[in-house]
Amino acid sequence: MDIEEKLDYIKTHYPEGAEKLSRLLSKKDALKAGNVYGEKLTDRQFALVFSPLLEAAFERARILEVLAGDDSTMGNLSESTGMKPQQVFNHMKDLLKRNTVEISSHEGRDAVFRKIRR
């Protein structure tokens, strides 16, 4: 999947994340042109900053896509997305903090999450 396809996917499932990435992409030319100190960002440097942000937003979008269909536990999300449990946990902490998901109930000791509809 190329950058544009990932951004379209993120826009569909995680609009807040797509907005931030789009703002950063729109500033790419200005960053490459340089600042008042003459410092310029190369394409490689921009990619080193942008790529991890894109991947994290893409993974969060995958989680939100699963939660849009049905409420799920952390283990089920890990299984559905193919991500490691620790990755899902880290993304869920961020999504909870941003009020994108919430705990809807518990199955034994496991929290069941759902996407907050806006």
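These are my notebook entries on one predicted model.

**Overall layout**

I started with the secondary structure and found 6 helices and 3 strands in the chain. I then read the order along the sequence, which is α-α-α-α-β-α-α-β-β. For the extent of the C-alpha trace I noted about 60 × 25 × 25 Å along the principal axes. I looked up burial next: 32% of the 118 residues count as buried. I also looked at contacts between residues at least 6 apart in sequence, and 51% of these join residues at least 24 apart.

**Surface and charge**

I recorded an accessible surface of about 7600 Å² for the chain, with 50% of it belonging to carbon and sulfur atoms. I counted the charged side chains as 20 positive and 19 negative. The centres of these two sets lie 6 Å apart.

**Helix α1**

I asked which residues of α1, residues 3–13, are buried. They are K6, L7, Y9, I10 and H13. I looked down the axis of α1 and found its buried residues within an arc of 160 degrees, so they line one face of the helix. This fits the general geometry: an α-helix has 3.6 residues a turn, so residues three or four places apart point the same way. I then checked what covers the buried residues of α1, and the cover includes α2 (15–26), α4 (43–69) and β3 (110–115).

**Nonpolar core**

I went on to the largest nonpolar core, which has 23 residues. The members that touch the most other members are I10, Y14, L21, I63, L67, M92 and L95. I traced where the core comes from: α1, α2, α4, α6 and β3 each supply at least two of its residues. The largest share, 9 residues, comes from α4. I10 appears twice in these notes, as a buried residue of α1 and among the core members with the most contacts to other members.

**L67 and S72**

I picked L67 from the core and listed its contacts, leaving aside neighbours within four places in sequence. They are S72, L77, M92, V101, F113, R114, K115 and R117. I followed the contact to S72, which sits in strand β1, residues 72–73. Is S72 buried or exposed? I have S72 as buried, because its relative accessible area is 6% and the cut-off for buried is under 20%. Not counting residues up to four places away in sequence, S72 touches L67, L77, A111, V112 and F113. L77 and F113 are in the contact list of L67 and also in that of S72.

**N99**

I looked for the backbone at N99 and found phi near 55 degrees, a positive value in a residue other than glycine. N99 lies in the loop between α6 (85–97) and β2 (101–107). I entered N99 as partly exposed, since its relative accessible area is 48% and exposed would need over 50%.

**M1**

I finished at M1, in the segment before α1. M1 is exposed, with a relative accessible area of 63%. I still found contacts for M1 beyond four places in sequence, namely K6 and F58. K6 is also on my list of buried residues in α1. I checked one C-alpha separation as well: M1 and E59 are 58 residues apart along the chain, and their C-alpha atoms are separated by 13 Å.

Note on methods. Residues numbered from 1 in each chain as written. Predicted model: local features only at pLDDT ≥ 70, side-chain atom pairs only at ≥ 80, totals over all residues. Heavy atoms only, no water. Helix = DSSP H or I, 4+ residues; strand = E, 2+ residues; numbered from the N terminus. Buried < 20%, exposed > 50% of the residue type's maximum accessible area, 1.4 Å probe, protein only. Arc of directions from axis to C-beta. Contact = heavy atoms within 4.5 Å. Areas by Shrake-Rupley, 256 points an atom, 1.4 Å probe, with all protein chains shown as cover. Lys, Arg positive; Asp, Glu negative; His and termini not counted. Charge placed at Lys NZ, Arg CZ, Asp CG, Glu CD. Core = buried A, V, L, I, M, F, W, Y, C linked by side-chain atoms within 4.5 Å.
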